[in-house]
Every structure is written in C-alpha cells, then in structure tokens.
Amino acid sequence: MAILNYNNRIFYLNTRSATYALSLETETVRHLYWGRKIIRPEDFAGKAELTPHGFHSELDQTWEEFSGSGCLRYKETPLKLRFADGTRDTRWKVTGCDCNEDILEIVLQDEVYPLAVSLFYRVYDEEDIIERWVEIKNTGLEDIAFDRLFSAQFTIPGVSHDLLGFSGKWNGEFQLNNEKLGSGKTVYDSCRGITGHGSQPVFVIHDHASEEAGSVYYGALAYSGNFKVILEPTEYDFINILMGINDYDFGWLLSGGSSFVAPKVYFGYSEKGFSGMSHTLHRFSRGHFMSNLTKSAVLPVLYNSWEATEFDVNCRQQMELADLAASLGVEYFVMDDGWHGLRDSESRGLGDWDVNQERFPNGLMELIDHVHSLGMGFGIWVEPEMVNKDSELYRTHPDWVYQYGKRDILEARKQCVLNLTKPEVAGFILRFMDELLTKYPIQYIKWDMNRPVSEGISGCGHEQSFWHIHTLRLYDIWSRLRELHPDVYFESCASGGGRVDFGMLPLCEQYWPSDNTDAVDRLSIQHGYSYFYPIQYMRAWVTDCACPSNVRDVPLSFRLHSAMCGALGIGSNLKHLSENENKLIADNIRQYKAMRKIIQMGKVYRLKDHTKDGFHAVQYVHGSKSVLFAFLVKGRYKRNRFMVRLSGLEESELYEYKIQNQLFFRSGSYLVHKGIEIFLEGDYDSVILEFRIK
Ligand code: DGJ
C-alpha cells in the first residue's frame, strides 16, 4: 500500500525507499516526518512532542503542510489574501479527507470565511516520487483577492543543512553552487515571465551528500513562468520551505464559486546522494512525461543553421548546408531564424510568419523536398510569443502587445511580447502554428523566446494576473498543437536555457540548455542541467571556433565529445570545413549513433567536475553497456594521469574495453572500486571509452 491510513488521522505516504507522514489536527495538517521508511504509523499517534511556551508563537513552532496565513504566525506561509470585508488572515478547520491506494485529498476550510483548500498527494511508490498540488476554492459569492498562491510547503528538521543551488545567467545556465543555510531566509526566483536563466524552480537540501551517498531532500515545481522558492531556517530548529508562482507583481481575483489550481510539485528523498536523485527524476520523467517520440526511441542527430548563417538565410544556401549535413550522417535539418517575413536582422519581421519570397522564390517546399530527398527530417525555428514593431503584425494590431497606457513600449532585442491574455492573440498563434504544420511536412519545431516579459496588464479579473495567464495560455497552445501534430518534435528554447523546467517536460522533446556552445563552458552547463532533467532532452551542438559565446580555440574532437554527452547536433558552418574535419565529424556521428541509446536512455554518473578538478568525467550506463567521456581542459605541470572510478556497473560481471586500441578485461568490482587510469595531455584533450559485459 502506498498510503497507510491510521484512524483517518495519520497518513503515511510510502514510496520504495521513503516515508512522508502527516496528521490531521483540528486546525491544521501537521507535518510529521520525511525521510527513510518508518514502518509503524502508531509511533506518531501520541501527542506531538512540542512544549508550547507563552513567549513563543505556537503556530510558528508547528510543522505545517499548508499553513493558514496571518494570526500569531510570523513564518512564511503559502497564501496571502484579502476577503471582501478586508480580513487578511485564514484560520483553518480540517473538514475532511479522502484516500485511496495512492491519492490522498485533505480538505481545509476557513472557520468563518468561504474559502476551502484541498491538498492532494499522489504517491508513485515504485518511482520513489510524490506529486502534490493544491486547489483553492471560493465557496461564497464575493471575490477573494490573492497576493500569493504558492503550491507547497515543506518542513525539514534542523537548520544547518546545505543547499545545492543552480544559479546562472544567459550563456552560463545551471552553475552549481553549494552553500550552507544559515540564519536568515534564502530566496531565489524568476520575475521575467519565464523560468529564466538565473535559477531553477527546485530545491535540493542535503547534509554533506556526495554523488553516490548521503541524504538528499528535493522538490521541483512544474511551472514555466515566474516562480519563487523560499528556504526559511526558523528559530525552532527546522527549515520551512515554500515554493510556487512568484508573488512578485502577482494578483489573482477568485470570484465566488471559482477555484484555482496551483502548479504541481514533484518531490523525493534519496539516500544515494545526488546521482540517486537524478536517476529517480530521469526515470520518472521517462515514465510520466515523455511523449511516444522519446519514450522508447532515441533522438536524431540534427543540424541547425543558426551559428552558420544567422539571419542571412536563403534557399540555395540552406540546400547546400543540407547536402553537406546529410553526407556527414545527420538525420534532421533545422532551419533557424531568418526564413520568414522581412526578417533580415533582429529589428524586423517577428510576427510575420509567411515565407520570405525573395529568399525562397519557389516557396518553402523546395527546401523541404530537398531535405526529405536526402533522407532527413525537416525542422524550423519560430518565436510565436513575439513581434517586432517593424512588422505587418504590429502595424495591423498595435494593441496586441503588453504595454502601459500612455508609456512607450519597452523593447528588448528590438522586440515586444504579445499579450497572450487576449484570446484573439492566443488564437492567432495557435492558428498560424497549426497552418504551418498542416501546410508543410515539418517534423521538428524549435520554439524560441528571446526576451523577458514586462509591462503587462490583464483584462481577466486582476490586472496582475497576466503573468500567470500568459504561462497558462502558452501551455494551452503547446498542448493543442501537440494533440493536432503528435508526430512533431518540439524544442523549448528561450535564449538558451531560459525555459527548462518540469512544466515544459510533458510538452516538448528537447531543451536547448544554453546559447553558449563553447565546448568547455558547455561541460559545466550540461553537468548542472543533468541533476534534474533527462539527458535525452539535452540538445548539444558542435559549433565553430571561436563560437559567439567564448573566444577560444578548442580542437574539434573535444567539441564533438562534449556535444556527444547529450543529444548530438551540429551547428558549424559546414561549408568551411576541411576534408579531415568532415571525416572526423562523420566518424564521430557514426560512433555516436552506435552508443546514443546508452547516453540518452541510460543512467548518468557525474564522476568529475572540471570546475573543481580541471578534469571532467561523465559516464552513462544502460544494461550491459557503458560509455565514459573524459576531458582535460587545461594541462598543468605535465600531469597526464587521472584516476577514475566508474559507477553503476555490475560488480560480478567481467567487462571488456579498449584503451588506445589495447583490449582489457576487468571485473565490474575492479572498475568501480579500484578504477582505471586515464591518460590525457595538454589543453583540451578528451577521450571516449566504451565498456561492455563480456
Ligand atoms: C536564440 C536561440 O537560443 C538561438 O539558438 C537562435 O535560435 C536565435 N535565438 C535566433 O534568433
């Protein structure tokens, strides 16, 4: 049984290796426990081990699953609201619960005002994940105004834990930083209308955990708009964690009879360190979020034209690139920005999604047919949420963008954001995308989003609700398009990794983790990305040197190896490659195809991080096979031997592998416990080793 119900009061949510326990009290849902499995619910049946003290707030001391707000409570709480008569606190009565094998619903109601909250928990016991969400209902007639509507609250005993964070920026997403939680709150968020490059809607709390060992508590918010995570060490020796839609410039008017469902949270507990957490999340994503296109099939090797041509696109040149790409073994050809309207720079053409006549005098089919005749799938870039002022769309509908009354509209990257809260605007996007995919045999969409949202007002209820409505409309459009075109791959890009999160996972097959295609920078970006998100979704291109993000010369083999750690793509200007380079790319693509199932569908082990060690190693294991990538970024002091202990192998099996064409046989236990020596020399040296059970 995934949920144990003790007297309709204590509930044990049991996954394969953890227990999450809570109890229903008269006025709150008390959090009891989260951690390694405890087998006896009765252990929690007695009175709570809490000694209220007159000088302390009892409410602040209580571990709560979803606190009411205000009253004599000064910790962070998930709701901030105002009833019609100006009352601004909530006082819960627990009024019911409903429980089956794997779903628990608990109903809380305000003791006086017409507000009801249902807390839902769904236990995926085999997958070791719990999903939780909350539905807020206005059961009266008058509006209730919300300034905060978070999704979840967690309690972790003790205050002196480590937080593993994923901070970043454009061109430098998913950078790991480990910090001690101390006194004072730690808050990270996004207020850009997208998940953003700066932090992730997740938390990872641990006590000196490593990749292989140690307890890790983690949670991920399935949301792609403004989010906020608050970690509040309290004076009562626990951390109060809250996560949900950001309350920055947030407002929601809940009219009588209506309800609001906050974004879901997926959470878990690992005793196998960070790799235990990642494997659980990757497995869960495969089982519950991935589409039929990715569930059981590997992702194609693709070519993307952006870094080769930027906006200077035309049919002949794209056909030539396609010829070259096909000759290397590429399987999908994706034409990036610059094919539509009068789009010859970032200043114009966004919003006009008709094919540029001058660049494609015989229409788009000429290129698509050509790509198909080469045996490749065809993909195309779009940025549907945006418009340039210099476009037919803007000239026809200047009122379709977010803007404030008499103020000038703020442009970023010379573009404005379309007001998706207007049904006619959302309808326009859905229509042109559907027409594009119906008219042309397109197999791959790269959906971009290149500026943050600003200056929004929504006509729907509350003016500050536009942030959330924008995200909901986006989800509606993507979901509808995917229903209409289930065989098309969707890639989520927002100037690189600005929209990578669990909200997008069920809606796409690919993430573009960063605009930074420098092979060294990319190693740390990929490293950070892999903690939460599946490798299969991690598109990685080989591009030319120097790439726009980092001016340095990295050998092609290193660039290939770095990109082969994910879903391999090529972004070089193929017309400038030498014969040797062409051969090297073709050979590596061949090698990648033979091993990509292990990389995309296997378990990932982050063995070494070059930002700490100068030496980087990542390993993938799938069934009886494993691949190890090792990189030396900067050679120093003639050091050229690096010891690597492998992970995830069958210790009792005998593995076969080759180093410099010499064949070796070693047991799994030898490789895992003793390890092997890797020889790398100088700057930017790298190697791939393949292991298989003999
Ligand atoms: C930003 C993306 O991340 C790039 O890959 C490229 O598609 C450009 N936008 C196109 O404008």
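Let's start at the ligand: one of its oxygen atoms is 2.7 Å from an N or O atom in the side chain of aspartate 336. Keep in mind that this is a predicted model. Aspartate 515 offers another such pair, with a ligand oxygen 2.3 Å from an N or O atom of its side chain. A ligand nitrogen joins in too, sitting 3.3 Å from an N or O atom in the side chain of asparagine 450. The protein covers 97% of the 290 Å² of accessible area that the ligand has on its own.

Who does the covering? The ligand is surrounded by 14 residues, and the closest are Asp336, Asp337, Lys446, Asp448 and Asp515. Sorted by character, the shell splits into 6 charged, 5 nonpolar and 3 polar residues.

Two of those closest residues also pair with each other: lysine 446 and aspartate 336 form a side-chain salt bridge, 2.8 Å from N to O. Lysine 446 belongs to strand β26 (residues 444–447), while aspartate 336 sits in the loop between β22 and α6 (365–373), so this contact ties together parts that are 110 residues apart in sequence. Both lysine 446 and aspartate 336 are buried.

Now step back to the whole structure, where a search turns up 37 salt bridges. One of them pairs the side chains of arginine 596 and glutamate 331, at 2.9 Å from N to O. Because arginine 596 is in helix α12 (residues 579–601) and glutamate 331 is in the loop between α5 (315–328) and β22 (332–335), the pair ties together parts 265 residues apart in sequence. How accessible is each end? Arginine 596 counts as buried, at 10% relative accessibility, whereas glutamate 331 is partly exposed at 21%.

Next up is arginine 552, which forms a salt bridge with aspartate 518, their closest N and O atoms being 2.8 Å apart. Here two loops are linked: arginine 552 comes from the one between β29 (539–542) and α11 (556–564), and aspartate 518 from the one between β28 (510–511) and α10 (519–529), 34 residues apart. Arginine 552 is partly exposed, with a relative accessible area of 24%, but aspartate 518 counts as buried at 3%. Elsewhere, shared partners join salt bridges into one network made up of Glu76, Arg148, Lys185, Lys228 and Asp247.

Finally, take a look at the surface. Leu654, Leu663 and Phe665 make a nonpolar patch of about 250 Å² there. Leucine 654 is part of strand β35 (residues 654–659), and its 37% relative accessibility makes it count as partly exposed.

Note on methods: Residues numbered from 1 in each chain as written. Predicted model: local features only at pLDDT ≥ 70, side-chain atom pairs only at ≥ 80, totals over all residues. Heavy atoms only, no water. Near = heavy atom within 4 Å. Polar contact = N/O pair within 3.5 Å; in protein donor to acceptor, adjacent residues only side chain to side chain. Areas by Shrake-Rupley, 256 points an atom, 1.4 Å probe, with all protein chains shown as cover. Nonpolar A, V, L, I, M, F, W, Y, C, P; charged D, E, K, R; others polar. Patch = residues over 30% accessible without salt bridge, like charges linked within 9 Å, V, L, I, M, F, W, Y side chains within 5 Å. Salt bridge = Lys/Arg side-chain N within 4 Å of Asp/Glu carboxyl O. Helix = DSSP H or I, 4+ residues; strand = E, 2+ residues; numbered from the N terminus. Buried < 20%, exposed > 50% of the residue type's maximum accessible area, 1.4 Å probe, protein only.
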